[in-house]
Amino acid sequence: MQCNDIGCAVTRIKDLIRQTLWASHAKGIVVGVSGGIDSAVAAAVAVKALGPEHVFAVHLPSSTSSPQDQIDAAELCETLGIEMIIVPLGTVVDAAFEHPGMTDTPLLRGNYTARLRMATLYNIAASRDSLVCGTSNKTEYMIGYTTKWGDSAADVQPLLHLWKKDVYAVAEELGIPVSIIKKAPSAGFWPGQSDERELGITYCELDAALISLEAHDFVPETPLEETVLALVKKSSHKRTPAANLL
Ligand SMILES: Nc1ncnc2c1ncn2[C@@H]1O[C@H](COP(=O)(O)OP(=O)(O)OC[C@H]2O[C@@H]([n+]3cccc(C(=O)O)c3)[C@H](O)[C@@H]2O)[C@@H](O)[C@H]1O
Ligand SMILES: Nc1ncnc2c1ncn2[C@@H]1O[C@H](COP(=O)(O)OP(=O)(O)OP(=O)(O)O)[C@@H](O)[C@H]1O
Ligand SMILES: [Mg+2]
C-alpha cells in the first residue's frame, strides 16, 4: 500500500472507483460475490464509494461450490444493503463438458467456469449500464494465480495494488463478517480446494517473498524467493497484452 493507514488506502480506492464510473458514464458496478474475502472487500469498498443502490452483487455457484459460500455471500450483501441475485452455472458447465470435444479435468473445468462467470457478469453489467468490478489482489496477480480472461478480466480493479495481507486489513476496517475473514481462500474449482494447499506456499510467505523481491530488483535471496520468482516469470503472459504486431 502507498498509504500509511488503512483509512487513506480506502479513500484512494473509493476515488478510483468513482473516477472510473464518472469517466465511463456508467450507472453502477457489478461484483461477482463468491463468499470469499476478495470479492467481499471489493463489494464493500464499492458501496463506500458509490452507495448501496449503485452496487449489484451476483453469486454464481457451480456444481463444486460450497453451500456455505452462498450463505456467506447472502449475509454479506444483506449487511452491505446491496441486492444479490444467484445465477447457477452448474447445468451449463455440466452440459458443455458432455461434448466429446471438451477435456474434463478439475482445473480445466474450473477455468472454464471462471470464464463463464466473467461472461455472465458482463451480460448483467451491460444490461444495467454498469461496469464489472474485478477482485484480484497484487499477490495473486504477481504469481498469475487467476484464470486468464476469467476472474482476471474486469473494467476496474480496486484491489490490484493490495497485497493479500492488506486485503485482510481493509476487511477488518470495513467490518466484513468474521465467517468470511476466517475462511481459507479457495478458487472453489473442486470441493475442499485451498489456494495455499494448491500452491504449497502460504499467503504470508508469498507476500513476504514478493515484497522482498520487489525491494531487491527481483534478485532472489532465499530458496522460497527463487520459487516465487519462477511463478512470477511463468505467469508474465497474464500481465501483458496478447502477442501482436501492432
Ligand atoms: N507463455 C505463454 N504465453 C501466452 N499464453 C500462454 C503462455 N503460457 C500459457 N498461456 C495461455 O494461458 C493458459 C493457461 O492459463 P489459465 O487458463 O489461466 O490456466 P492456469 O494458469 O493453468 O490455471 C489457473 C490457476 O489459477 C488458479 N485460480 C484461478 C481462478 C481463481 C483462483 C482463485 O484464487 O480464486 C485461482 C487456479 O487454481 C489455477 O492454479 C494456457 O492454456 C494458454 O492459453
Ligand atoms: N461462486 C461465485 N460466485 C460469484 N463470483 C465468484 C464465485 N467464485 C468466484 N467468483 C469470482 O471470482 C473471483 C476470484 O475468486 P477468488 O477465490 O480469488 O476470490 P474470493 O473468493 O473473493 O476470495 P478468497 O477465495 O481468496 O477468499 C471472486 O472474487 C469473485 O468475483
Ligand atoms: Mg474464493
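Visitor: How many nonpolar, polar and charged residues does the shell around ligand 2 have?

Guide: A shell can be read by sorting its residues into classes. In this predicted model, the shell around ligand 2 has nine polar, seven nonpolar and five charged residues.

Visitor: Which residues come nearest to ligand 2?

Guide: Of the 21 residues around the ligand, the nearest are Gly 32, Ser 34, Gly 36, Ser 39 and Pro 185. Two elements, α2 and β2 (55-59), each give two or more residues to this shell. The most come from α2, which gives three residues.

Visitor: Where does UniProt place the feature "binding site"?

Guide: The record is an unreviewed entry, and annotations of this kind may be inferred rather than shown by experiment. UniProt lists Gly 32, Val 33, Ser 34, Gly 35, Gly 36, Ile 37, Asp 38, Ser 39, Thr 135, Lys 164 and Ser 186.

Visitor: Let's take Gly 36 from that list. Is it buried or exposed, and why?

Guide: Burial is read by counting C-beta atoms around a residue, with 20 or more within 10 Å making it buried. Gly 36 is buried because 21 other C-beta atoms lie within 10 Å. Its place is the loop between β1 (28-32) and α2 (37-50). Beyond neighbours within four places in sequence, Gly 36 is in contact with Ile 180, Lys 183, Pro 185 and Ser 186.

Visitor: And Lys 164, buried or exposed?

Guide: Lys 164 counts as buried, because it has 22 C-beta neighbours inside 10 Å. This lysine lies in helix α7 (residues 164-174). Not counting residues up to four places away in sequence, Lys 164 touches Asn 137, Thr 139, Tyr 203 and Asp 207.

How values were computed. Residues numbered from 1 in each chain as written. Chains lettered and ligands numbered in written order. Predicted model: local features only at pLDDT ≥ 70, side-chain atom pairs only at ≥ 80, totals over all residues. Helix = DSSP H or I, 4+ residues; strand = E, 2+ residues; numbered from the N terminus. Buried ≥ 20, exposed ≤ 12 C-beta atoms within 10 Å, placed from the backbone. Contact = placed C-beta atoms within 7 Å. Near = placed C-beta within 6 Å. Nonpolar A, V, L, I, M, F, W, Y, C, P; charged D, E, K, R; others polar.
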